[in-house]
Each structure stands twice: as structure tokens, then as C-alpha cells.
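Visitor: I would like a close look at one part of this structure. Please start with a single pair of residues, and then show me what lies around it.

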Amino acid sequence: MNSTTRRLTGTALLMALAATGAAQAAPASYTIDPAHTYPSFEADHFGGLSTWRGKFNSTAGKVTLDKAAGTGSVDITVDTASIDFGLDKMNEAARGTELFDVTKYPKATYHGTLAGFVNGAPTKVTGELTLHGVTQPLDLTLNSFKCMPHPMYKRELCGADAIASFKRDAFGMDSGKAYGFKMDVVLRIQVEALIDESSNTGKVALATPQH
């Protein structure tokens with residue numbers, strides 16, 4: 001092999017490696033599984049008398065993830081009319097103008113960036129919550145994050161348990177404040193998302209994390 005041939009071969013090899021690296025570096029995309037994703041919350045009743053708990057039954061969204069690069073994003077949309085306290089009268093009241101006002105604000109959204117990666121797994125999300133027509137910064141702490149092959153779909157499934165807290169009156173939802181209700185809300189999100197078949201990384205997100 002002469003020097004010209006060697007140079008051409010070396011150049012072709014470098015270009016092939018670069019192309020492979022670029023393909024691997026692209027984030028994988030996932031679709032949130034609405035049957036296994038339920039944002040829930042805890043809120044005060046009469047200034048410490050008891051704690052009310054509820055959840056939303058309808059959630060959709062997308063996640064992107066690049067384990068090696070330590071990057072990713074989260075986009076979630078919640079149907080506020082799907083609120084469920086386990087009590088019909090409370091659900092009806094919560095959908096009204098004193099709380100979620102679902103006719104005027106039918107959706108709540110969360111947009112965030114995955115962060116704090118450790119061994120390819122994020123430990124938090126930095127983002128913004130839009131609720132009741134108001135957008136405020138809200139960071140989530142990920143108590144757990146795991147990816148595994150889905151036993152039936154044979155594609156990667158990722159799940160997380162997230163938690164955050166905020167003041168509901170910051171979103172214009174101050175019902176009960178005059179009666180001494182605390183405005184603190186604890187938000188918990190159990191989420192599972194399945195990698196898209198069209199994702200350019202195939203059935204799993206990237207390979208081995210680089211850090």
C-alpha cells in the first residue's frame with residue numbers, strides 16, 4: 001500500500017468513525033406511558049388540620065436522553081380536568097374557578113432539562129411549570145431513575161420518581177388562604193417512558209456512559 005492509498009484509507013476511516021460518533025451522540029427520544037405516569041400532590045387543609053392528596057389521571061409527553069453526553073429534556077402536559085381526589089364533590093370543586101378553573105386553563109405543562117448526571121443517570125430536572133396560566137421556575141429532584149429492556153415491547157423503558165414543592169398562591173391559586181390554609185404543595189411524579197421505534201439510536205439509548 002503506497003502512501004497516497006494509506007492517506008486516503010486513513011481519511012475514510014476517520015470520516016466513518018466521526019459519522020458513527022455523531023450518530024451515537026444524538027439523544028434518544030421516548031414517549032411517556034400515560035398508564036404508568038401520574039402526577040400527584042399533597043396540600044394542606046385548614047392550616048394543619050389534615051393533608052389532602054390527589055392525582056391527575058391524564059398525562060402525555062416526551063423525553064429525550066443521551067446518557068453518554070449527560071443531557072436530556074422533559075416535556076409534560078397534564079389534563080387538569082382529570083384531577084382525582086377520590087371524592088366526586090371535591091373533584092367538581094377543584095375543577096371550578098376557585099382552584100384549577102379547567103375551562104379557562106385546561107392544561108398544565110412542565111418543560112425541563114435533565115441535569116446532575118451520575119453514571120449516565122440524571123438526578124434532577126431544571127425547568128418551568130405552567131399552571132393556572134402562570135409560569136414559574138420549578139426544579140424536580142429525582143429520587144430514582146432506571147432504564148431497562150421492556151419485557152414485552154423489547155425496547156428500552158425508563159422510569160423515574162420525582163418530587164418538588166411550591167406555593168400554589170404563586171400560581172394565582174389561593175383558595176382557602178383567608179381561612180388559614182397553608183399554600184405549600186408537595187408535587188410527586190411517577191413516570192415511565194418507552195423509547196420510540198423511530199429513535200435514531202434504535203432500541204436502547206446510546207451505549208456505555210463516558211463519565
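**A salt bridge and its surroundings**

Guide: Lys67 and Glu156 are joined by a salt bridge, in which the closest N and O atoms are 2.8 Å apart. This is a predicted model, and the values come from its atoms. The two partners sit in distant parts of the chain: Lys67 is in the loop between β4 and β5, Glu156 is in strand β10, and 89 residues separate them.

Are the two partners buried or exposed? Lys67 has a relative accessibility of 14%, so Lys67 counts as buried. Glu156 is also buried, because its relative accessible area is 6%. The cut-off behind both statements is that buried means under 20% relative accessible area. In the protein chain, buried residues make up 37% of the 211 residues.

The elements named so far belong to a longer series. The protein chain has 2 helices and 11 strands. Read from the N terminus, the order of these elements is α-β-β-β-β-β-β-α-β-β-β-β-β.

Strand β10, which holds Glu156, also takes part in the lining of a cavity. Searching the whole structure for cavities of 30 Å³ or more gives 1. The space inside the largest cavity is about 220 Å³. Its lining has 17 residues, and Val63, Val74, Phe145, Ala160 and Val191 are the closest to its centre. Which element gives the most to this lining? It is β10, with 4 residues. The elements that each supply at least two lining residues are β4 (59-66), β5, β9 (134-149), β10 (156-167) and β11. Both β4 and β5, the strands on either side of the loop with Lys67, are thus among the suppliers. By class, the cavity lining consists of 16 nonpolar residues and 1 polar residue, with no charged residues.

Strand β5 leads on to the largest pocket, as β5 (71-79) gives two or more residues to the lining there. The volume of the largest pocket is about 660 Å³. Its lining is made up of 31 residues, and those nearest its centre are Phe41, Leu99, Phe100, Arg168 and Met173. Besides β5, the elements that give two or more residues to this lining are β2, β3, α2 (88-95), β7 (107-115), β8 (124-131) and β11 (184-195). The largest share, 5 residues, comes from β2. Sorted by class, the pocket lining has 24 nonpolar, 4 polar and 3 charged residues.

Strands β2 and β11 are also connected by a salt bridge. The structure holds 6 salt bridges, and one of them joins Arg188 to Glu42, with the closest N and O atoms 3.5 Å apart. Arg188 is in strand β11 and Glu42 is in strand β2, so far along the chain that the pair links distant parts, 146 residues apart. Arg188 counts as partly exposed, because its relative accessibility is 34%. The pair is part of a network of salt bridges that links Glu42, Arg53 and Arg188.

A further salt bridge is formed by Asp169 and Lys177, whose closest N and O atoms are 2.8 Å apart. Asp169 has a relative accessible area of 28% and is therefore partly exposed. Lys177 counts as partly exposed as well, because its relative accessibility is 45%.

After the salt bridges comes a part of the surface. Phe46, Leu49 and Tyr179 form a nonpolar patch there, and together they have about 400 Å² of accessible area. Where in the chain is Phe46? Phe46 is in the loop between β2 (38-45) and β3 (50-56). With a relative accessibility of 42%, Phe46 counts as partly exposed.

The last stop is the segment after β11, where Glu197 lies. Glu197 counts as exposed because its relative accessibility is 68%, and exposed means over 50%. Glu197 and Tyr30 are 167 residues apart in sequence, but their C-alpha atoms are 8.9 Å apart in space.

To return to the starting point, the salt bridge between Lys67 and Glu156 ties the loop between β4 and β5 to strand β10.

Definitions and conventions. Residues are numbered from 1 along each chain as its sequence is written. This is a predicted model: local features need pLDDT of at least 70, side-chain atom pairs count only at pLDDT 80 or more; totals for chains, interfaces and linings use all residues. Side-chain values use heavy atoms; hydrogens and water are left out. Patches are made of residues with over 30% relative accessible area and no salt bridge: like charges are joined within 9 Å, nonpolar side chains (Val, Leu, Ile, Met, Phe, Trp, Tyr) within 5 Å. Accessible areas come from the Shrake-Rupley method with a 1.4 Å probe; for residues, only the protein chains shown count as cover. A salt bridge is a side-chain nitrogen of Lys or Arg within 4 Å of a carboxyl oxygen of Asp or Glu. Buried means under 20% relative accessible area, exposed over 50%, partly exposed in between (1.4 Å probe, protein chains only). On a 1 Å grid over the protein atoms alone, a cavity is a set of points where a 1.4 Å probe fits but cannot get out, and a pocket is an open set with protein on both sides within 12 Å along at least five of seven lines; lining residues have an atom within 4 Å of a point. Grid points are joined across faces, edges and corners, and a volume is the space filled by probe spheres set on the points. Ala, Val, Leu, Ile, Met, Phe, Trp, Tyr, Cys and Pro count as nonpolar, Asp, Glu, Lys and Arg as charged, and the others, Gly among them, as polar.
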